[in-house]
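Subject: A structure for you to look at

Hi there,

I am passing a structure on to you, and I would be glad if you could open it in your viewer while you read. My notes come right after it.

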Amino acid sequence: MSAPPRCPDLLLEIGTEDLPARYVLPLADALCAGLQSGLARRGIAHGRAWRYATPRRLAVRIEAVAAEQPEQTQELIGPALSAALKDGQPTPAALGFARKCGVTFAELGEKDGKLCYQRRAPGQSLATLFQGLVDETLKGMDELVPKRMRWGEGEETFVRPVQWLLALHGDQVLPLLRFGCRAGRLSYGHRFHAPDALSLAQAADYPAALRAAEVWAEVEARRDEIRRQIEAEAARLGGHARITPELLDEVTALVEKPVAISGRFEARFLELPPEVIVATVETNQRYFTVFEDPAHQRLTAAFITVANIASREVRQVIEGNERVVRPRLTDALFFWQQDLKQPLAAYGEKLASSTYQKELGTQAARVARLSALAARLATRLQADGAAVSRAAALCKNDLVTKMVFEFPELQGLMGGYYAARAGEPAAVAQAIREHYRPTQQGTPIPSSREGQILALADKLDALAGIFAIGQKPSASKDPYALRRAALGVLRILIEGGLALDLRDLLQAALEAQPAGQRDAATLEALLDFVLERQRGYLLGPGISSEMIEAVRALGITVPLDFQQRLHAVRDFSRLPEATALAAANKRVRNILRQAQFSGGQVQPGLLQDPAEQALQQALETLPAREPADYTPRLRDLAALREPIDAFFAAVMVNAEDPGLRANRLALLARFDARCREIADLSQLPG
């Protein structure tokens with residue numbers, strides 16, 4: 001018996017004018033997800049989905065899409081039973097509902113106190129449902145683009161004007177009308193290499209037809225091809241290209257037919273710090289820099305760009321790219337040379353007239369706060385106080401230099417370079433260079449202790465100041481990047497091995513603010529904000545929310561200590577006794593709470609039952625360990641599982657004798673205390 005025929009593919013393509021690179025992939029993903037979920041909600045069977053995206057098109061191909069819905073169950077709801085019957089007879093309202101359903105009253109059913117009727121109806125075809133499906137998907141995509149365009153005489157909007165629509169189910173065109181375009185079977189290849197219309201015979205032909213028309217429509221394949229070409233071109237130049245995921249994704253969204261070509265700039269520009277050249281070439285021009293070494297330490301005068309055309313006049317394209325780069329690097333070199341005409345310390349005078357935040361004063365006032373806080377931290381951590389103080393005094397001076405004015409993303413980095421050129425100690429220059437770290441998730445924290453201290457002071461002051469003036473982040477807005485600052489504080493404390501109390505740090509920073517609320521309520525709000533970031537940072541493989549709550553229940557505000565306790569809880573949770581002990585601890589806590597136990601010592605003479613004597617013995621014989629030996633101390637608790645289980649099996653806690661009852665409660669309180677020394681084990685699953 002032969003297999004049933006396979007359902008055909010569904011294809012939708014939206015052809016547009018050139019899309020902004022940042023929207024290409026998110027819109028393609030939303031189009032794909034919207035069509036898939038729309039088919040699923042309508043009960044239309046379908047297979048795997050493929051999404052395609054270039055600067056000129058967004059497309060989705062879904063395999064094996066059924067031509068229609070399965071048979072549908074329709075449910076009609078009528079009047080309430082109280083209005084449908086009177087004296088046991090159907091009312092006019094009930095009879096009217098039966099006529100509407102085309103049945104007798106006796107054939108009606110009941111649901112949730114109302115009359116109802118269910119009937120089977122044939123499913124609708126994909127062709128009938130497709131317009132609504134696409135409309136629904138496009139409406140969801142609108143949320144991704146805050147500013148949309150309107151063109152021609154139509155009222156519809158999209159991120160860029162739509163030029164054509166293609167909609168096929170197998171070899172059949174689906175009815176679709178949007179953006180003033182009626183869908184057909186025509187697509188278009190590369191604007192220059194294959195500009196003529198492509199008539200697709202069927203949906204499955206799409207990727208091959210576009211590749212033949214010089215368009216790499218598959219995003220991942222295009223990205224891989226771009227990387228391959230860049231690496232090959234860099235190897236030809238005898239170097240190693242710097243390929244960041246962000247730049248690679250952006251360039252992938254800018255081209256349909258990638259062609260990597262290289263160019264050069266004058267060697268005199270290599271006088272600039274490499275970060276300046278990278279910012280100029282990569283950030284502004286979306287070109288890839290080339291280094292002599294794979295570690296990207298020694299920059300060359302070459303760059304690689306990815307064109308969207310295989311030009312017959314490649315030399316002209318290269319010269320055009322070089323002409324664009326040259327004036328930008330010339331400006332950067334001018335800024336560099338002008339800034340070096342005076343030492344970094346001399347720029348400090350301008351900070352007094354540079355506003356940090358209207359309510360929080362000038363940059364000079366902020367530097368004074370940073371210096372004081374950094375000095376306290378240096379003393380606490382026995383760091384080089386002189387280096388920390390000097391770095392704090394100079395760390396914001398580069399904000400008023402010409403280079404940082406032109407390239408704000410180089411703040412701190414340029415300060416480090418200028419400090420080194422001015423003869424400042426290496427520790428000072430490095431601390432200035434690194435004090436904005438970590439700049440984002442995954443980037444390193446400062447490598448030196450002085451840099452860590454200065455970075456902590458900088459982030460703590462920002463957090464405290466903005467909270468004090470009542471401008472803490474909302475659910476959707478964080479203009480001062482306080483979430484990033486909070487995470488940076490946590491990462492420095494934990495990854496830097498700094499056993500500092502977060503509450504103390506935030507309180508010191510808050511008290512130093514020149515304005516706003518600096519009371520206990522603000523401190524608690526600020527602490528909660530940072531600790532919530534700690535939850536997200538620590539959650540991961542093997543770490544559950546319950547484990548985090550178990551440690552947080554003890555009010556631990558030293559992030560390094562919190563992490564060490566958390567890792568011990570994770571290891572403890574893997575023991576076979578862990579679940580039973582957590583359950584027993586929950587039970588003990590409930591008993592103590594219900595009994596309103598106020599405390600007391602265990603009287604050994606009142607321990608009558610062998611089970612309570614065994615529990616007391618087990619508690620007394622737990623090994624003595626160092627307070628910070630969290631993992632072995634928790635493992636030791638595994639020895640309490642059998643005696644606590646035996647206790648509950650044999651002992652009546654609420655004995656009639658008040659003395660016995662109080663003594664047994666005291667014994668359970670001692671067990672509970674041991675279960676809450678490192679974390680509250682009752683918070684764990686059990």
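Below are some notes on a sheet, the helices that pack on it, and a pocket.

Please keep in mind that this is a predicted model.

Let me begin with the sheet. Four strands form an open sheet with antiparallel pairing, in the order β17-β19-β20-β18. At its edges are β17 (240-241) and β18 (259-264), each of which pairs on one side only. The partner of β18 is β20 (residues 299-307): the two run antiparallel and are joined by six bridges. If you want a place to zoom in, try G263, whose bridge partner in β20 is F303.

Two helices are worth viewing along with these strands. Helix α6 (residues 219-236) packs on the sheet and touches β17, β18, β19 (288-291) and β20. The direction of α6 makes about 35 degrees with that of β18. Helix α8 (residues 274-284) also packs on the sheet, where it touches β19 and β20, and its direction makes about 145 degrees with that of β19.

Now to the largest pocket, which holds about 2,000 Å³ of space. It is lined by 43 residues, and those closest to its centre are E409, L410, L413, T439 and T443. Which element gives the largest share of the lining? That is α8 again, with six residues. Among the other elements that give two or more residues are α7 (245-252), α10 (363-381) and α15 (449-468). By class, the lining has 19 nonpolar, 15 charged and nine polar residues.

Happy viewing, and best wishes!

Technical notes: Residues numbered from 1 in each chain as written. Predicted model: local features only at pLDDT ≥ 70, side-chain atom pairs only at ≥ 80, totals over all residues. Heavy atoms only, no water. Pairing = 2+ DSSP bridges. Contact = heavy atoms within 4.5 Å. Axes fitted to C-alpha atoms, helices over the stretch in contact; angles between N-to-C directions. 1 Å grid on protein atoms, 1.4 Å probe; cavity = no way out; pocket = protein on both sides within 12 Å on 5 of 7 lines; lining within 4 Å. Points joined across faces, edges and corners; volume = space filled by probe spheres on them. Nonpolar A, V, L, I, M, F, W, Y, C, P; charged D, E, K, R; others polar.
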